[in-house]
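Trainee: I have a structure open and want to go through it with you. Can we take it piece by piece?

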Amino acid sequence: MLRKIILSVAAALVAAAALTATIVPGSASAFFAWRVADVPKWDTLNVRAWPSSGSKIFVAYPNGAVLSMTGKCTGGVNLDTVAGWPKWKQREAVRSVWCEAWVDPTGSGQFRTAWVYGRYIAPM
């Protein structure tokens with residue numbers, strides 16, 4: 001029960017950060033709101049230290065949790081580039097790559113970058 005509350009609070013904080021983020025032109029930092037999607041109902045999406053399934057898990061989120069994505073993905077994919085595409089096409093662009101997220105794994109306000117596998121995320 002406590003884990004669900006912590007995950008709910010973390011998701012709310014990420015959602016608030018995503019809503020207040022501004023997309024700035026040029027090389028300035030931007031955040032993109034995506035959500036956890038298509039994870040089996042009995043499972044969660046692992047958020048990892050590095051773009052590898054063998055990397056340390058920082059935190060895990062259930063389907064529907066909002067993620068603040070940095071825009072950077074492996075394989076040369078950039079969420080800023082695909083942002084104007086139809087949602088199904090954005091999902092296809094990240095389906096087999098790792099994308100970087102901005103997370104607070106401990107719920108202490110100490111945010112850091114971490115990685116999620118693109119197959120389990122979808123644009124908002």
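Trainee: To start with contacts: of those with a separation of 6 or more in the protein chain, what share comes from residues 24 or more positions apart?
Mentor: Residues 24 or more positions apart account for 62% of them. Keep in mind that this is a predicted model.

Trainee: Noted. How many helices and strands does the protein chain have?
Mentor: There are three helices and seven strands. Read from the N terminus, the order is α-β-β-β-β-α-α-β-β-β.

Trainee: What percentage of the residues count as buried?
Mentor: The protein chain has 124 residues, and 36% of them count as buried. On the surface side, about 7,200 Å² is exposed, with carbon and sulfur atoms supplying 58% of that area.

Trainee: On to the core. How many residues are in the largest nonpolar core?
Mentor: The largest nonpolar core has 24 residues. Those with the most contacts inside it are Tyr-61, Leu-67, Met-69, Leu-79, Val-94 and Ile-121. As for where the residues come from, the elements giving two or more to this core are S1, S2, S3 (57-61), S4 (66-73), helix H2 (79-82), S5 and S6.

Trainee: Take Met-69. Which residues is it in contact with, leaving aside neighbours within four places in sequence?
Mentor: The list is Ala-30, Phe-31, Phe-32, Trp-34, Leu-79, Cys-99, Glu-100, Ala-101, Val-116 and Ile-121. Of these, Leu-79 and Ile-121 are also among the core residues with the most contacts.

Trainee: And Phe-32, buried or exposed?
Mentor: Phe-32 is buried, at a relative accessible area of 8%. Its place is in strand S1. Phe-32 also pairs up in space with Leu-67: the C-alpha atoms are 8.0 Å apart, with the two positions 35 residues apart in sequence numbering.

Trainee: Switching to charges. How many salt bridges does the count come to?
Mentor: The count comes to one salt bridge. Asp-38 forms it with Arg-91, and the closest N and O atoms are 2.7 Å apart. Asp-38 lies in the loop between strand S1 (32-36) and strand S2 (45-48), while Arg-91 is in helix H3 (residues 87-94), so the pair ties together parts that are 53 residues apart in sequence.

Trainee: How exposed are the two partners?
Mentor: Asp-38 is exposed, with a relative accessible area of 52%. Arg-91 is partly exposed, at 23%.

Trainee: What about the backbone at Asp-38, is phi positive or negative there?
Mentor: Phi is positive, about 65°, although Asp-38 is not a glycine. As background, most residues other than glycine have a negative phi.

Trainee: Back to Arg-91. What else is it in contact with, beyond neighbours within four places in sequence?
Mentor: Besides Asp-38, Arg-91 is in contact with Ala-37, Arg-119, Ile-121, Ala-122 and Pro-123. A polar atom of the Arg-91 side chain lies 3.2 Å from the backbone oxygen of Ile-121. Arg-91 and Gly-118 are 27 residues apart in sequence, and their C-alpha atoms are 7.6 Å apart.

Trainee: Pro-123 is in that list. Which other proline has a C-alpha distance to Pro-123 of 9.6 Å?
Mentor: That is Pro-86, which is 37 residues from Pro-123 in sequence. The place of Pro-86 is in the loop between H2 and H3. At 43% relative accessibility, Pro-86 counts as partly exposed.

Trainee: One more acid, Asp-104. Where is it?
Mentor: Asp-104 is in the loop between strand S5 (98-103) and strand S6 (112-117).

Trainee: Which side chain of opposite charge is nearest to Asp-104?
Mentor: That is Arg-112, at 9.3 Å. Asp-104 is buried yet has no salt bridge. The cut-off for a salt bridge is 4 Å, so a distance of 9.3 Å does not qualify.

Trainee: Then what does the Asp-104 side chain reach in the backbone?
Mentor: A polar atom of that side chain lies 3.2 Å from the backbone nitrogen of Ser-108. The side chain of Asp-104 also reaches the backbone nitrogen of Gln-110, at 3.5 Å.

Trainee: And which residues is Asp-104 in contact with, again without the neighbours within four places in sequence?
Mentor: Those are Gly-109, Gln-110 and Phe-111.

Terms used. Residues are numbered from 1 along each chain as its sequence is written. This is a predicted model: local features need pLDDT of at least 70, side-chain atom pairs count only at pLDDT 80 or more; totals for chains, interfaces and linings use all residues. Side-chain values use heavy atoms; hydrogens and water are left out. Helices (H or I, at least four residues) and strands (E, at least two) are DSSP runs, numbered from the N terminus. Buried means under 20% relative accessible area, exposed over 50%, partly exposed in between (1.4 Å probe, protein chains only). Lys and Arg count as positive and Asp and Glu as negative; His and the chain ends are not counted. A polar contact is a pair of N or O atoms within 3.5 Å; within protein, one must be able to donate a hydrogen and the other to accept it, and residues adjacent in sequence count only if both atoms are side-chain atoms. Contact means heavy atoms within 4.5 Å. Accessible areas come from the Shrake-Rupley method with a 1.4 Å probe; for residues, only the protein chains shown count as cover. A nonpolar core is a set of buried Ala, Val, Leu, Ile, Met, Phe, Trp, Tyr and Cys residues joined through side-chain atoms within 4.5 Å.
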